[in-house]
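Below is a short structural report on one protein chain. It starts with the packing and then moves to strands, loops and single residues.

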Amino acid sequence: MQKNYDANDAQPFARLSEGEGAPLYEVVKRHISESILQGELPAGTILPSENSLAAKFGVSVGTVRKALAALTTEGMLMRRRKTGTVVTGWAPLHNLSHFFQYFRLHDKTGGLLQSDTRLLDYQLSHASADEAEKLQIAQGDKVIRLKRVRRVKGIAAMHETLVLPSARLVDFPPADQLPPLLYRYLFERYDLRVAAVREQITAALANEEDAALLELSLPYAVMVIDEVSFDQSALPVILAHHRFSTEHFMYVNEIR
């Protein structure tokens with residue numbers, strides 16, 4: 001059943017903040033796609049007119065039109081004569097523009113899940129030899145080191161360590177201002193789009209840290225993923241170490 005977007009509903013669209021690093025049409029596209037993936041715009045929702053969206057985002061009509069055209073090509077929206085632009089309810093999980101915004105653990109039916117992220121530790125430190133090699137920087141260069149835990153529907157699902165090259169992220173926010181959606185922040189603030197990931201996946205017995213953070217009873221097996229994320233220029237931007245519990249979830253990685 002189709003539903004017209006109601007301006008009195010919770011607002012999924014808002015004026016873009018100043019200093020957005022990415023091209024504006026891509027930022028608009030990202031905001032609309034997130035609203036669809038998060039369920040704020042369910043299948044059948046009729047979007048406002050291009051003029052109305054342009055006013056809400058504070059951009060030109062041409063920018064909105066380009067964003068809607070891209071989302072239509074990807075299948076998230078469809079254009080209907082007389083009706084307007086309608087949400088299809090289809091999410092291309094393999095598409096990197098959405099893939100890195102959301103958790104790669106799905107429920108047992110394959111449903112896409114969002115996670116709640118809590119920052120455990122934030123350090124400015126120096127790259128080890130191994131980190132420097134993988135990030136293509138010099139040993140001892142400054143890096144930002146983040147330790148986080150993620151929960152899905154209240155269940156501890158993953159903890160991770162992320163290492164980012166400080167020189168590429170000028171004025172990176174302090175711990176109390178760090179947004180939970182890191183990939184989105186890198187995209188919008190620094191115009192760094194994660195375009196590829198190299199993963200190494202193994203299984204391991206849970207250690208004491210796993211047991212504490214993932215609320216496990218030992219012995220227990222966890223999935224371990226070591227990955228390097230590359231931006232649109234093929235430069236490494238994030239070095240990550242993830243440790244998952246898959247008792248309630250399954251890992252999904254689509255390759256097209």
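A nonpolar core is a set of buried Ala, Val, Leu, Ile, Met, Phe, Trp, Tyr and Cys residues joined through side-chain atoms within 4.5 Å. Buried means under 20% relative accessible area, exposed means over 50%, and partly exposed lies in between (1.4 Å probe, protein chains only). The model is predicted: local features need pLDDT of at least 70, side-chain atom pairs count only at pLDDT 80 or more, and totals for chains, interfaces and linings use all residues. Residues are numbered from 1 along each chain as its sequence is written, and side-chain values use heavy atoms, with hydrogens and water left out.

## The chain overall

The chain has 256 residues, and 46% of them count as buried. Its secondary structure comes to seven helices and twelve strands. Helices (H or I, at least four residues) and strands (E, at least two) are DSSP runs, numbered from the N terminus. Contact means heavy atoms within 4.5 Å. Among contacts between residues at least 6 apart in sequence, 60% join residues at least 24 apart. The accessible surface comes to about 13000 Å², and carbon and sulfur atoms account for 51% of that. Areas come from the Shrake-Rupley method with a 1.4 Å probe; for residues, only the protein chains shown count as cover.

## Cores and helix α6

In soluble globular proteins, nonpolar side chains tend to be buried together. The largest nonpolar core here holds 17 residues. Leu 164, Leu 169, Phe 172, Leu 182, Leu 186 and Ile 238 touch the most other members. At least two residues of this core come from each of β7, β8, α6 and β11. Helix α6 gives the largest share, five residues. Another core lies apart from this one; it has 16 residues, including Ile 36, Leu 47, Leu 53 and Leu 68.

Leu 186 shows the packing at residue level. Leaving aside neighbours within four places in sequence, Leu 186 contacts Leu 164, Leu 169, Phe 172, Asp 191, Leu 192 and Ile 238.

Why is α6 largely enclosed by the rest of the structure? Eight of its nine residues are buried, so the helix is largely enclosed. The buried set is Leu 182, Tyr 183, Arg 184, Tyr 185, Leu 186, Phe 187, Glu 188 and Tyr 190. Helix α6 (residues 182–190) lies across β7 (142–152), β8 (155–165), β10 and β11 (236–244), and runs at about 35° to β8. Axes are lines fitted to C-alpha atoms, for helices over the stretch in contact, and angles run from 0 to 180 degrees between N-to-C directions.

## The six-stranded sheet

Two strands pair if DSSP finds at least two bridges between them. An open sheet of six strands follows the order β6-β7-β8-β11-β10-β9, with antiparallel pairing. β6 (116–126) and β9 (196–205) stand at the edges with a single partner strand each, so one side of each has no neighbour in the sheet. Neighbouring strands are turned by 15° against each other on average, direction ignored. Ten bridges join β9 to antiparallel β10 (residues 221–230). Within β10, Ile 225 stands opposite Ile 201.

Ser 125 sits in strand β6. Ser 125 counts as buried, because its relative accessibility is 15%. Its side chain makes a polar contact with that of Arg 145 at 3.0 Å. A polar contact is a pair of N or O atoms within 3.5 Å; within protein, one must be able to donate a hydrogen and the other to accept it, and residues adjacent in sequence count only if both atoms are side-chain atoms. Not counting residues up to four places away in sequence, Ser 125 touches Asp 141, Lys 142, Val 143 and Arg 145.

## Backbone geometry and helix α5

Which residues have a positive phi?

| Residue | Phi | Place |
|---|---|---|
| Gln 136 | near 60° | loop between α5 (129–135) and β7 |
| Asp 171 | near 60° | loop between β8 and α6 |
| Asp 191 | near 60° | follows α6 |

Gln 136 is exposed at 53% relative accessibility. Asp 171 is exposed as well, at 62%. The peptide bond from Leu 218 to Pro 219 is cis, with omega near -5°. Pro 219 lies in the loop between α7 (208–213) and β10.

Lys 134 belongs to helix α5. At 35% relative accessibility, Lys 134 is partly exposed. Beyond residues up to four places away in sequence, Lys 134 touches Val 228, Pro 236 and Leu 239. The C-alpha atoms of Lys 134 and Val 237 are separated by 9.6 Å, with the two positions 103 residues apart along the chain.
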